[in-house]
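This report describes how two chains are folded, how helices pack within them, and how the chains meet.

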Amino acid sequence: MNAAPIPHNEETRLNALRNLNILNTERQEEFDALTEMVSQMIDVPFSALTLIDENTQYIKSEAGGGYGVKETRRDESFCQHTIMQDAIFEVNDALEHNLFKNSPFVVGGPKIRFYAGATLKSSDGFNLGALCVLDSKPRKLTDEHREVLCEYAKQVIQMIEN
Amino acid sequence: MDSKHVNVKLINDSERQVLKVSLKDFVPDQDFKTIWQTVEDKFAKSTVDALLLDCSDLRVISPTSQTWLVEDWFIRAKHKFDAKLRLAIINAESFFGIAVVKNLSNKLASVAGNSPHEVFQNENEALTWISQ
């Protein structure tokens, strides 16, 4: 299990997240269309839009059925690390990564080997979750794909806030 | 036809009949297929020379719908109505809408054969091309 890193502004971040009233809501087909587009653009089998609450990672949408669940424990998630930074968080081979080699999503389930996530940063500066792409094979994002992922994440958070 | 997702109307140009389909906001997959069934019905009932697909207010459609439109609906319509059907697309203004139009254009290029299609920034440009 990963030690859960906590952002310095965690309390206000959680308030901002909860004020969106989007946790525990029904799946929205529009977000599914967006994650499907991200998968297509970056040519990965799985992509997901996640929100990181106090103890839970909410999977608001996913394409490719990677996680196959609506939520996971925060301390098991890759995206808890993504929200700690503004740059893309990339794990090229999870089996070779100390934080993830024993993750239930790596050794079981979707058997994730590759993860790259871009932070969903709200307009008031809180890192609420991530737009991420995953693969069951090790890989590395190209510069073009990094740009696509960042731009899509910016657009997705705007849609969430609107 | 006018709904929260689409407006469909026939434009009677002096030389051509143009069916204008304006997509709006996010169009769910099931609604998308219903819209295009309506468009197909209108094609069957009139002598349409060209299709004007206005995506300027489109937010997004899923890749599944994009593929279905080109590889299923468009190919069927081409065979059923006119192999030389002209398709003019007015580009979207939203980020994801622009990506959708780009995808559609790329997919069309691979299946359109002798049915010309082009993407334009506004309706005037599109209608000028259609009337040529």
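The text below takes up each chain, then the packing of helices, then the contact between the chains.

## The two chains

The model is a predicted one, and every value given here should be read with that in mind. Chain A contains 5 helices and 6 strands, and the order of these elements along its sequence is α-α-β-β-β-α-β-α-β-β-α. The radius of gyration of chain A is 14 Å, close to the 15 Å that the globule rule gives for 162 residues, so chain A is as compact as a globular protein of that length. Chain B, in turn, has 4 helices and 5 strands, which are arranged along the sequence in the pattern β-β-α-β-α-β-α-β-α. For its 132 residues a compact globule would be expected to have a radius of gyration near 14 Å, and the 13 Å computed for chain B agrees with this.

The table lists overall values for each chain.

| Chain | Helices and strands | C-alpha box along the principal axes | Buried residues |
|---|---|---|---|
| A | 5 helices, 6 strands | roughly 35 × 30 × 30 Å | 41% of 162 residues |
| B | 4 helices, 5 strands | roughly 35 × 30 × 30 Å | 36% of 132 residues |

The contacts can also be sorted by separation along the sequence. In chain A, of the contacts between residues at least 6 apart in sequence, 58% join residues at least 24 apart. In chain B, residues 24 or more positions apart account for 77% of the contacts with a separation of 6 or more.

## Helix packing in chain A

Two packed helices are described by the angle between their axes and the distance between the axes. In chain A, helix H2 (residues 29–42) packs with helix H5 (residues 143–161) at an angle of about 170°, and their axes are 10 Å apart. Because angles over 145 degrees count as roughly antiparallel, H2(A) is roughly antiparallel to H5(A). On the side of H2(A) the contact is made by A:Leu34, A:Val38, A:Met41 and A:Ile42, while H5(A) supplies A:His145, A:Val148, A:Leu149, A:Tyr152 and A:Val156. Sorted by class, the residues of this contact are 8 nonpolar and 1 polar, with no charged residues.

## Helix packing in chain B

In chain B, helix H1 (residues 29–45) packs with H2(B) at an angle of about 20°, with the two axes 11 Å apart. Because angles under 35 degrees count as roughly parallel, H1(B) is roughly parallel to H2(B). The crossing of H1(B) and H2(B) is right-handed. From H1(B), the residues B:Asp29, B:Phe32, B:Lys33, B:Trp36, B:Glu40 and B:Phe43 meet B:Thr64, B:Ser65, B:Trp68, B:Leu69, B:Trp73 and B:Ala77 of H2(B). The residues of this contact divide into 7 nonpolar, 2 polar and 3 charged.

## Where the chains meet

How many residues does each chain bring to the contact between them? Chain B contributes 10 residues and chain A contributes 9 residues. On the side of chain B that touches chain A, the elements giving two or more residues are helix H2 (63–80) and helix H3 (95–111) of chain B. H3(B) gives the most to this side, with 3 residues. By class, the side of chain B that touches chain A has 8 nonpolar and 2 polar residues, and no charged residues. Helix H2(B) therefore appears in two settings, since H2(B) packs with H1(B) and is also among the elements of chain B that touch chain A.

Key:
Residues numbered from 1 in each chain as written. Chains lettered and ligands numbered in written order. Predicted model: local features only at pLDDT ≥ 70, side-chain atom pairs only at ≥ 80, totals over all residues. Contact = placed C-beta atoms within 7 Å. Nonpolar A, V, L, I, M, F, W, Y, C, P; charged D, E, K, R; others polar. Axes fitted to C-alpha atoms, helices over the stretch in contact; angles between N-to-C directions. Parallel < 35°, antiparallel > 145°, perpendicular 65-115°, else oblique. Left-handed = near helix turned anticlockwise from the far one by under 90°. Rg over C-alpha atoms; globule rule 2.2 N^0.38 Å. Buried ≥ 20, exposed ≤ 12 C-beta atoms within 10 Å, placed from the backbone.
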